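Here is a short tour of a protein chain with a ligand in place. Please have the sequence and the model open as you read.

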Amino acid sequence: MKPNLLITGASGFIGSHLIEEALTQDYHVFAAIRKSSQLIVPNHTDIQIIYLDYSQTELLASQLVNLKSEFGRFEYVIHNAGITRANNVEDFNEVNNKLPQRLVQALIIAENIPDKFVLVSSMAAFGPGDKKSKKPISVTQTMNPISSYGESKKAVSTYFKTKCTIPYSIVYPTAVYGPKDKDFIEFVRLINKGVEPYLGLYRQLLSMVHVSDLSYSIVGLLRKGRSGEQYIVSDNKNYDKKELGFIVKNILKKKTLKLFIPVTPVLWIAAFIEFLYKIFAPQKTPLLTKEKINEISAANWSCDANDIWNVLGTVPKYDLQSGMEQTIGWYKSNGLL
Ligand SMILES: NC(=O)c1ccc[n+]([C@@H]2O[C@H](COP(=O)([O-])OP(=O)(O)OC[C@H]3O[C@@H](n4cnc5c(N)ncnc54)[C@H](OP(=O)(O)O)[C@@H]3O)[C@@H](O)[C@H]2O)c1
């Protein structure tokens, strides 16, 4: 019998790759989505699409009880649902912090303690590394997020570390790219048009991970590592920001005009855009916010991901060069470039 694996946020970028990886690693996947989700899931006998309502713990628990009596317990859970953009601190806190807490409590009430619950957090929970020493971010350092997003991910980590009574691991992915992503493609499109934009006039260190490697590591962790362990996930290399542009333009065979944009005027523009949204479109979230600009322009996002690859006993399949080749190939074959 294949073990039952519940994956939340199954309709998203990372969620869709988690499903593929879980099928490869022989799980029976329960893809949890919302009624409003636009899910593209392969038609597969080992995928069960379920609709979970996370709004109240008791309601969620009764849904889990029903699922358990129909399909048996969830042996494993990957909680991946989350938001990276929101209009206010409360929304971040509700989805990224309170919702996973309700899921844990509901599993306990439903007497469905999984063998492992993997929480997908973000390196934003730690905040950027020291800009002088350029020391890579590691799970042993104090969490010092610089955004409401990072604060909400820190809060849920604190809950797990201090109150969670079920077996768990937390993963902190760095910036994720790959087929179906919605952020890096914009940078690639600009380079494709001959513009190579850089935010900030200073040296910036980045870390990245291809979504296939991230998915492999998250699914792999279900049966590896001890409960309570935390892992930063990257391709285990750190890059200067200009390497990303260099790699992308070489793959696209484009000549580009490099644009180095100082951060301060971009912060002013973002503040103005946020002001306009508050007045004219309060329900919507602008792509550029002051917090996002501060976060993406931080000088040191290098990290130490040795632990995850050691515990999995392997190395990442992709570095930035091979990962971008694969991703750009996918963008092209899907008519996105
Ligand atoms: N992408 C990155 O670079 C990155 C880096 C580090 C960490 N992460 C983390 O990875 C996770 C997945 O991110 P992603 O990039 O795949 O984002 P995504 O494409 O926006 O997917 C987010 C998923 O979460 C679900 N979700 C959002 N709000 C929800 C709510 N209130 N109730 C239930 N489900 C909800 C979405 O469902 P709908 O389809 O119904 O909206 C979607 O399935 C998040 O926890 C994020 O913080 C992402």
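Of the 337 residues of the protein, 41% count as buried. Keep in mind that this is a predicted model. The protein contains 11 helices and 13 strands, and the topics below go from the overall fold to the ligand, then to one helix and a handful of single residues.

**Overall fold**

- A compact globule of 337 residues would have a radius of gyration near 20 Å, and the protein has 20 Å, so the two agree.
- Along the principal axes, the C-alpha atoms of the protein fill a box of roughly 60 × 40 × 40 Å.
- Taking contacts between residues at least 6 apart in sequence, 77% join residues that are at least 24 apart.

**Around the ligand**

- The ligand is surrounded by 22 residues, and the closest are G9, G12, I14, S37 and G82.
- Two elements, α1 (13-24) and β7 (175-177), each supply at least two residues of this shell.
- Which of the elements gives the most to the shell? That is α1, with 3 residues.
- Sorted by class, the shell has 11 nonpolar, 10 polar and 1 charged residues.

**Helix α3**

- Helix α3 covers residues 89-109, and its 21 residues should span 30 Å at 1.5 Å a residue; the end C-alpha atoms are 29 Å apart, which agrees.
- The helix is bent all the same: α3 turns by about 35° at K98, and a proline, P100, follows within four residues.
- The buried residues of α3 are F92, N96, P100, L103, V104, A106 and L107.
- An α-helix has 3.6 residues a turn, so residues three or four places apart point the same way.
- What covers the buried residues of α3? The cover includes α2 (57-71), β4 (76-79), β5 (116-120) and α4 (148-163).

**Two residues with positive phi**

- Most residues other than glycine have a negative phi, and the next two are worth a look on that account.
- After α3 comes E111, with a positive phi near 55°.
- E111 sits in the loop between α3 and β5.
- Is E111 buried or exposed? E111 is exposed, because 11 other C-beta atoms lie within 10 Å and the limit for exposed is 12 or fewer.
- N236, also not a glycine, has a positive phi near 70°.
- You will find N236 in the loop between β11 (229-233) and β12 (239-240).
- N236 has 19 C-beta neighbours inside 10 Å and so counts as partly exposed; a buried residue would need 20 or more.

**Loop residues: Q25 and T142**

- Q25 belongs to the loop between α1 and β2 (28-33).
- With 16 other C-beta atoms within 10 Å, Q25 is partly exposed.
- Between the C-alpha atoms of Q25 and G194 there are 41 Å, and along the chain these two are 169 residues apart.
- T142 is part of the loop between β5 and α4.
- How many other C-beta atoms lie within 10 Å of T142? There are 6, so T142 is exposed.
- T142 and N4 are 35 Å apart from C-alpha to C-alpha, and 138 residues apart in sequence.

**Residues and their contacts: E295 and D319**

- E295 is in helix α9 (residues 290-296).
- E295 is partly exposed, with 18 other C-beta atoms within 10 Å.
- Beyond its neighbours within four places in sequence, E295 is in contact with A124, I146 and S147.
- E295 and I261 are 34 residues apart along the chain, and their C-alpha atoms are separated by 15 Å.
- D319 lies in the loop between α10 (306-312) and α11 (320-333).
- Since D319 has 17 C-beta neighbours inside 10 Å, D319 counts as partly exposed.
- Which residues is D319 in contact with, leaving aside its neighbours within four places in sequence? They are D235 and K237.
- The C-alpha atoms of D319 and M208 are separated by 8.6 Å, although their positions lie 111 residues apart along the chain as a distance in sequence.

How values were computed:
Residues numbered from 1 in each chain as written. Predicted model: local features only at pLDDT ≥ 70, side-chain atom pairs only at ≥ 80, totals over all residues. Near = placed C-beta within 6 Å. Nonpolar A, V, L, I, M, F, W, Y, C, P; charged D, E, K, R; others polar. Expected span 1.5 Å × (residues − 1). Bend = angle between axes of the 7 residues up to and from the residue. Contact = placed C-beta atoms within 7 Å. Rg over C-alpha atoms; globule rule 2.2 N^0.38 Å.
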